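Thanks for coming. Please put the sequence and the structure up on the screen, and I will talk through them.

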Amino acid sequence: MDQRDENDMVVEDCQNGVYLDLFLHVSLVPAVLITVVLSSLQRRANIQTIDHKLPFLRGRFAIVIPLDTIGSLSNRWSYGFAYGVVSYSVLLLFSETYVPFPVPKWAKALVYLIGALEVGMVNFPFFACLSTPFRTVGAVLGILYSMSWIIVTVWDTFTCPDEKILGNRKIIVQWPCILSLVFLLGRFFYMLIKGVRIQLELEPPDSDEMVDKHQLKHVKRLLRKTSDDKGHLSWFQRKVYEWDPHFKFPNRIIGTAIVSVIGLYAMTLADYSVSSLVFGQADRWKDTLKHLVTSCNQTQAIGLVPELEEFIDVARKTWLATTVFASLNSLVYILHVLACYRKHLKRLWKGEKSFIPDKLHTAKSATNLTSIARYSGWQVAFTMWGYLIVHFVHFLVVLLFVYVFVIPIKHGRAVSMLKSLGTVILTIGLVIGTFILQMVLVQIFFLREKLSPTDKYKPLAIDNKKAFDCFNYFFFFYNVVMGFSTCILRLIFSVMVGTWLISRIDRTIMQRGYERMDAGYRTWIGMIIADHYHNNPTMVCFCQLLISNTLEKQTTRSYVTFDSTAADGSVNSRAKRRWALFYTLLRNPHLILHRKHHLSSAALNLPAAQMDTAVRAWVMTSQLQVQQSVLLPEIIVMQDDDC
């Protein structure tokens, strides 16, 4: 039997389609060729030894980066949909059909490592064609590569409509990948048109400045007077989410969110398929048990069959209902993590680090930088595992609710249920009432009066100390009993909250002081700290000002080189200074009166020479002012040691 028929949950064989796992292996060749072409166009920043041995390379064959994971804010959604294409390749990586030959169990880890490298290389052109500075070439290669993937994927999807992946029809699983490929194809066409327009000088090239417009607007907003704009916000912005037009999520965060959503979608489909098989098998076992009980005429066991049928029916409906709630819960968490990322970064920009545990303030730089590489993969894994765990917890809670409240009412046992519920509520009410009674007694009898009528609370000063000691003694025995139940409740609440927040990588599920044991939370803190140090808008704008001022100074000093021989530094520095002095005095004649020989002539009381120099300076200044009013721009005066 073919290996494809062994696991119906993965892939059912289809003779008319194209196996995408085989196409994934074949795509490795064009992916390598595209990478070599883009690398041959890229120039290295520094001259290497190979450039002296092979001068015809001219510094080419540099490393092609797929995307800037730290500071890039351009093509964010394009990179996000490129991640969407990768998500389906990851599903193929973990399928049984990916490995064409059987391997021993001990070698599976090595096979997955090699497979991960292959998947990364196959999807490398999608990212490299977006990030390459050679826009036209990258767009053409990206169009060809995306078109080939779209043709093969669509052909494989529609020629085998009955073929199933994860227990569902292929189109249901593959449409996010097809949508991502179509989006990338449109993006590459846009890049090609824009590149051609730039080459034809119909459109200006993109700016190379490190600061983006939203970062500049953020800094300008900081320099303005603060104003309260809460009154102009809508209800959605005040209560649900207040967006900031001066903040942009980096492409790494956008891509992680898209892959998390696609992974959640695939996990929900797999969950639904597996649950259908499990409950179908349970129905078959129930029918078998019913047939055996009927054939053996076991009257005592006949009563168990209706209860089993009821349990299977309730469990099936409960599982399907909680599937929707668990999916929505995980989707809200994905969006909430984005909001927390923005909130935490803005708090760091303000210099506020109180929300970070003290033990994580002094983390190593290597740890923080490594967190950027770990975050995306861990966030996707946490989302998928969190969905399964939260779904199971929701299932247990709803199943308990149904058997405590719904089933008794359905079978006419509402009165007994209300009696039991009343007993439980009364017991809990007495415990809570006793706890509140202790608080009231302490507030009334064992605290001194307020120091000022405007104080909100009484001061922490004991009154009636002897009575308070008796109060502690008699309530000691009751608090021991109440402590047992409180301890159990503490454990239950801790497990429930920890389980509920298992997919929230931005919050720790450990107690205070043990945050370092939470690897996911440490990754989150290290990631936002690294982003803060590299993408702080104030810092980026400051660096841009430094670079702009440096380039401006280099531009203003370019008048020193009047001919081509002066630029290579071979001209005598004294000649350079004389040229600079001549040009400065020519454009600023009033400085002539401040030269050394003119000041020395004034000290020797030589009025004729001084008057002659002053008249010439006045005439030159007048002529210069007339010329400047018509043609000449403002001149920056260069100071020289010989002036």
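Of the contacts in the chain between residues at least 6 apart in sequence, 73% join residues at least 24 apart. Keep in mind that this is a predicted model. The chain has 643 residues, and buried residues make up 35% of them. In secondary structure there are 21 helices and two strands. The exposed area comes to about 40,900 Å², with carbon and sulfur atoms supplying 67% of it.

Now the interior. The largest nonpolar core has 39 residues. Which residues have the most contacts inside it? They are Phe126, Phe127 and Trp149. The helices that each supply at least two residues of this core include α1 (20-26), α2 (28-41), α4 (76-93) and α5 (108-122). Also on that list are α6 (124-131), α7 (135-159), α8 (170-199) and α11 (251-296).

Take Phe126 as an example. Leaving out residues up to four places away in sequence, Phe126 touches Ala82, Val85, Tyr145, Ser146, Trp149, Leu181, Leu184 and Phe188. A second core, separate from that one, has 32 residues, among them Phe249, Met267, Leu338 and Ile529.

On to charges. The count of salt bridges is 11. I will go through three of them.

Start with arginine 221 and aspartate 244, whose side chains meet in a salt bridge at 3.2 Å, N to O. Arginine 221 sits in helix α9 (residues 213-223), and aspartate 244 in the loop between α10 (235-239) and α11. The two are 23 residues apart, and the pair links distant parts of the chain. Is each partner buried or partly exposed? Aspartate 244 has a relative accessible area of 11%, so it counts as buried. Arginine 221 is at 31% relative accessibility and therefore counts as partly exposed.

Aspartate 244 has another partner, lysine 346, with a salt bridge of 2.9 Å, N to O. Lysine 346 belongs to helix α13 (residues 304-349) while aspartate 244 is in the loop between α10 and α11, so this bridge ties together parts 102 residues apart in sequence. Lysine 346 is partly exposed, at 22% relative accessibility.

The third is the bridge between glutamate 352 and arginine 347, where the closest N and O atoms are 2.8 Å apart. Both ends are partly exposed: glutamate 352 has a relative accessible area of 31%, and arginine 347 is at 23%. As for shared partners, salt bridges join Arg221, Asp244 and Lys346 into one network.

Last, back to α9, the helix that carries arginine 221. Which residues of α9 are buried? They are His214, Gln215, His218 and Val219. Why do I say they line one face? Looking down the axis of α9, the buried residues fall within an arc of 140°, so they line one face of the helix. On the face turned away from that buried side, α9 carries the exposed residues Lys213 and Leu223.

To recap the network: Asp244 is buried at 11%, and its salt-bridge partners are Arg221 in one pair and Lys346 in the other. I will stop there and take questions.

Notes. Residues are numbered from 1 along each chain as its sequence is written. This is a predicted model: local features need pLDDT of at least 70, side-chain atom pairs count only at pLDDT 80 or more; totals for chains, interfaces and linings use all residues. Side-chain values use heavy atoms; hydrogens and water are left out. A nonpolar core is a set of buried Ala, Val, Leu, Ile, Met, Phe, Trp, Tyr and Cys residues joined through side-chain atoms within 4.5 Å. Buried means under 20% relative accessible area, exposed over 50%, partly exposed in between (1.4 Å probe, protein chains only). Helices (H or I, at least four residues) and strands (E, at least two) are DSSP runs, numbered from the N terminus. Contact means heavy atoms within 4.5 Å. Accessible areas come from the Shrake-Rupley method with a 1.4 Å probe; for residues, only the protein chains shown count as cover. A salt bridge is a side-chain nitrogen of Lys or Arg within 4 Å of a carboxyl oxygen of Asp or Glu. The arc is that of the directions from the helix axis to the C-beta atoms.
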